[in-house]
Amino acid sequence: MHICVIVVIAANAAAVQSKILQYLVIFGIPIMFLAMNRFKIVKGREADFEDIWKQRDSHLEGVDGFKNFNLVRGGSNDTFTLYASHSVWDSKIHFENWTKSEAFKLAHKNAGKHSDIYLGPPKFEGFEKVI
């Protein structure tokens, strides 16, 4: 019986991890992951960038562990305006599982389409909750 259970757990590792994390959240253990991509947008193209995000289907609704998403604007200089996409997840594991999913592929299928408005690729930063 134990061998079967181990095989089932190994075959469903992501589901088991997700369930364990759900229980940790229920019992108030601080689990959270913040995923950010920083974008340098060519000065004068800010409205185009914001429109792309407003019209984009993120495919995040219903994804296990996803909490919320924001697009935020930072400072500007003569060359670019800084933006960050900011998504909150139950855990780093949830975020990583999403990056391997069909929803992730669909959300990013047109990522290079508007390369003329970016000054370089986005810079990813991930953060785990400490307190």
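## Exercises: cores and a helix with two sides

The largest nonpolar core is made of eight residues: Phe33, Ala35, Leu60, Val63, Phe66, Trp89, Phe95 and Trp98. A nonpolar core here is a set of buried Ala, Val, Leu, Ile, Met, Phe, Trp, Tyr and Cys residues joined through side-chain atoms within 4.5 Å. Buried means under 20% relative accessible area, exposed over 50%, and partly exposed in between (1.4 Å probe, protein chains only).

Before you start: this is a predicted model, where local features need pLDDT of at least 70 and side-chain atom pairs count only at pLDDT 80 or more, while totals for chains, interfaces and linings use all residues. Residues are numbered from 1 along each chain as its sequence is written, and side-chain values use heavy atoms, leaving out hydrogens and water.

**Exercise 1.** Find which elements give two or more residues to the largest core.

*Solution.* Start with the definition: helices (H or I, at least four residues) and strands (E, at least two) are DSSP runs, numbered from the N terminus. The elements you're after are β1 and α4 (92-99). Next, pick out Trp89 and list its contacts (heavy atoms within 4.5 Å). Skipping residues up to four places away in sequence, Trp89 touches Met32, Phe33, Ala35, Leu60, Val63, Asp64, Gly65, Phe66, Lys67, His94, Phe95 and Trp98. Apart from this core lies another one, of seven residues, including Phe39, Phe49, Trp53 and Ile117.

**Exercise 2.** Work out which residues of helix α3 (residues 46-55) are buried, and where they sit around the axis.

*Solution.* First, the buried ones: Glu46, Phe49, Glu50 and Trp53. They span an arc of only 95 degrees around the axis, so they're on the same side of α3. That arc is taken from the directions from the helix axis to the C-beta atoms. Now flip to the other side of α3, where Ala47 and Gln55 are exposed. Last, look at the cover: β1 (33-42), β2 (66-76) and β3 (80-89) are among what covers the buried residues of α3.

**Exercise 3.** Find out what surrounds the charged residue Glu46.

*Solution.* Check for a salt bridge (a side-chain nitrogen of Lys or Arg within 4 Å of a carboxyl oxygen of Asp or Glu). Glu46 is buried but has none; Lys43, the nearest side chain of opposite charge, is 4.4 Å away. For charge, Lys and Arg count as positive and Asp and Glu as negative, with His and the chain ends not counted. Then try the backbone: the nitrogen of Gly44 lies 2.9 Å from a polar side-chain atom of Glu46. Finally, leaving out residues up to four places away in sequence, Glu46 touches Ile41, Thr81 and Tyr83.

Technical notes. A polar contact is a pair of N or O atoms within 3.5 Å; within protein, one must be able to donate a hydrogen and the other to accept it, and residues adjacent in sequence count only if both atoms are side-chain atoms.
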